[in-house]
Amino acid sequence: MNALNIAEYAQTLGVQARQASAAMARAGAATKNLALRALARLLRENLPALQADNARDLARADAAGLSAPMVDRLRLTPKVIETVAQGCEQLAAMPDLIGQVSGLQQQESGIRVGRMRVPLGVFAMVYESRPNVTIEAASLSIKSGNACILRGGSEAIESNKALARLVQQALQQAGLPPEAVQLVQVTDREVVGQLITMPEHVDVVIPRGGKGLIERISREARVPVIKHLDGNCHVYVDDPCDLAMAVTVADNAKTQKYSPCNAAESLLVARGVAAAFLPRIGAVYAAKGVEMRCDAEAAALLAGVEGARIAPASEQDWSEEYLAPVISVKVVAGLDEAIAHINRYGSHHTDAILTRDHMHAQRFLREVDSASVMVNASTRFADGFEYGLGAEIGISTDKFHARGPVGLEGLTSLKYVVLGDGEVRT
């Protein structure tokens, strides 16, 4: 496409999305739930065909030399398809927020004032690698009464086209406009440049991918952006703690999967338990080939661990999102230093404390400035599906409009409604 055609294409997508958004805002709960259940059924019925399209993307990714984490994110396994199908069904079973009125209060003038939950309208989603995001975004868009324009990564184009066709089939089966979920069918990046500068058609843009993509969209967008830039998640092992549990959780947070943004990248250990804890977790990480970039105190305590890959930590390591079998390790004096370290070096995404001290847990929850803060649980739980949201469209480390995993409520807004009986202002 040339520049003129790209601009026209983006305008067409925008106009169709805006028109479809009106129909989606009017749609009743039963109709939207019908579309979601139809989509779950279509996903399961079309698994072989989806995997065939996905195989073409995987072959192209291998030939292009994409990194192992990127290829892993690209893969549509039966488990991935079943998870997003269940997400559709979970959303269908959830109450419909749209149209709900809350806080209705009588005023002295006689009017009653409340707030109604409404869709945002049209959102554009720009994402990389994971084709399952196509279904997560589409299903949340349907349930929340929005229309959406989806632009997946060029490396997943065949998978995304196949998934988008199923979404549009499900919408049509439910009597909803198929243009309510549109996938950008071309890989030219300029389409994104057009979409994020069309406030007349797009109400919000949600980038989900690498830091470069998110920085570019945040810089160039003329519509609001819901985003997070980094996932430098911390696990803090407190004094006192249950050492066996701490080893299990610190292991899971780092090694259950290396590529997601909610994997732990930094391990902080209270000095009072460091000598007992670090050799135990060090042996686990050594067995799994995880490199530990340590301060001097942690390195000394890990020195006797057989097979341990230990390197001195640089200042940059405390801020790094590795997305790989690497973790920074630091011994801290206690809770105060841990909180200060996390708030200085963290990315405000997800941080966890492993402790047996209730007051320490409460302070950590209050004082750590992150979108998700956890007590005695793996950071890998920071996910819309795990939080019971049905699915998520991304994780926001902003404080407006949404924070943390962005699910159904994060794709809605509130407007004031006023009920009267002929009252006039005097």
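## Nonpolar cores

In this predicted model, the largest nonpolar core comprises 74 residues, and those with the most contacts inside it are Leu43, Met125, Val205, Ile217 and Ile393. Leaving aside neighbours within four places in sequence, Ile393 is in contact with Phe123, Met125, Ala137, Leu140, Ile206, Arg208, Val406 and Leu411. Another core, of 39 residues, lies apart from the largest one and has Ile281, Cys294, Val331 and Phe364 among its members. In soluble globular proteins, nonpolar side chains tend to be buried together.

## Helix H9 and its cover

Ile217, one of the residues with the most contacts inside the largest core, belongs to helix H9 (residues 211-220), where Leu213, Ile214, Arg216 and Ile217 are buried. Viewed down the axis of H9, the buried residues fall within an arc of 160 degrees, so they line one face of the helix. The cover over these buried residues of H9 includes strand E3 (122-127), helix H8 (190-195) and strand E6 (204-208).

## The seven-stranded sheet

Seven strands form an open sheet with parallel pairing, and their order is E10-E9-E11-E8-E7-E12-E13. At the edges are strand E10 (309-312) and strand E13 (372-375), each of which pairs on one side only. Neighbouring strands of this sheet are turned against each other by 20 degrees on average, with direction ignored.

Within the sheet, strand E7 (residues 233-237) runs parallel to strand E8 (residues 264-270) and is joined to it by five bridges; Val235 stands opposite Leu267 in E8. Helix H10 (residues 243-255) lies across E7, E8, strand E11 (326-332) and strand E12 (350-354), and it runs at about 160 degrees to E8.

## A salt bridge between H10 and E8

The contact of helix H10 with the sheet is accompanied by a charged pair: Glu265 forms a salt bridge with Lys254, and the closest N and O atoms are 2.7 Å apart. Because Glu265 lies in strand E8 and Lys254 in helix H10, the pair ties together parts that are 11 residues apart in sequence. Glu265, at 0% relative accessibility, counts as buried, and Lys254 is likewise buried, with a relative accessible area of 0%. Elsewhere, Glu291, Arg293, Arg309 and Asp317 are joined into one network by salt bridges that share partners.

## Salt bridges involving helix H2

Side chains of opposite charge can pair when their charged atoms come close. The structure holds 23 salt bridges, and two of those described here involve helix H2, beginning with the one between Lys32 and Asp96, whose closest N and O atoms are 3.0 Å apart. Lys32 lies in helix H2 (residues 29-45), whereas Asp96 lies in the loop between helix H5 (78-93) and strand E1 (101-106), so this pair ties together parts that are 64 residues apart in sequence. Both Lys32 and Asp96 are buried.

Arg41 forms a salt bridge with Glu45, with the closest N and O atoms 3.6 Å apart. In this case both residues, Arg41 and Glu45, lie in helix H2, four residues apart, which is about one turn of the helix. An α-helix has 3.6 residues a turn, so residues three or four places apart point the same way. Arg41 counts as partly exposed because its relative accessibility is 38%.

Technical notes: Residues are numbered from 1 along each chain as its sequence is written. This is a predicted model: local features need pLDDT of at least 70, side-chain atom pairs count only at pLDDT 80 or more; totals for chains, interfaces and linings use all residues. Side-chain values use heavy atoms; hydrogens and water are left out. Two strands pair if DSSP finds at least two bridges between them. Helices (H or I, at least four residues) and strands (E, at least two) are DSSP runs, numbered from the N terminus. Axes are lines fitted to C-alpha atoms, for helices over the stretch in contact, and angles run from 0 to 180 degrees between N-to-C directions. Contact means heavy atoms within 4.5 Å. A salt bridge is a side-chain nitrogen of Lys or Arg within 4 Å of a carboxyl oxygen of Asp or Glu. Buried means under 20% relative accessible area, exposed over 50%, partly exposed in between (1.4 Å probe, protein chains only). A nonpolar core is a set of buried Ala, Val, Leu, Ile, Met, Phe, Trp, Tyr and Cys residues joined through side-chain atoms within 4.5 Å. The arc is that of the directions from the helix axis to the C-beta atoms.
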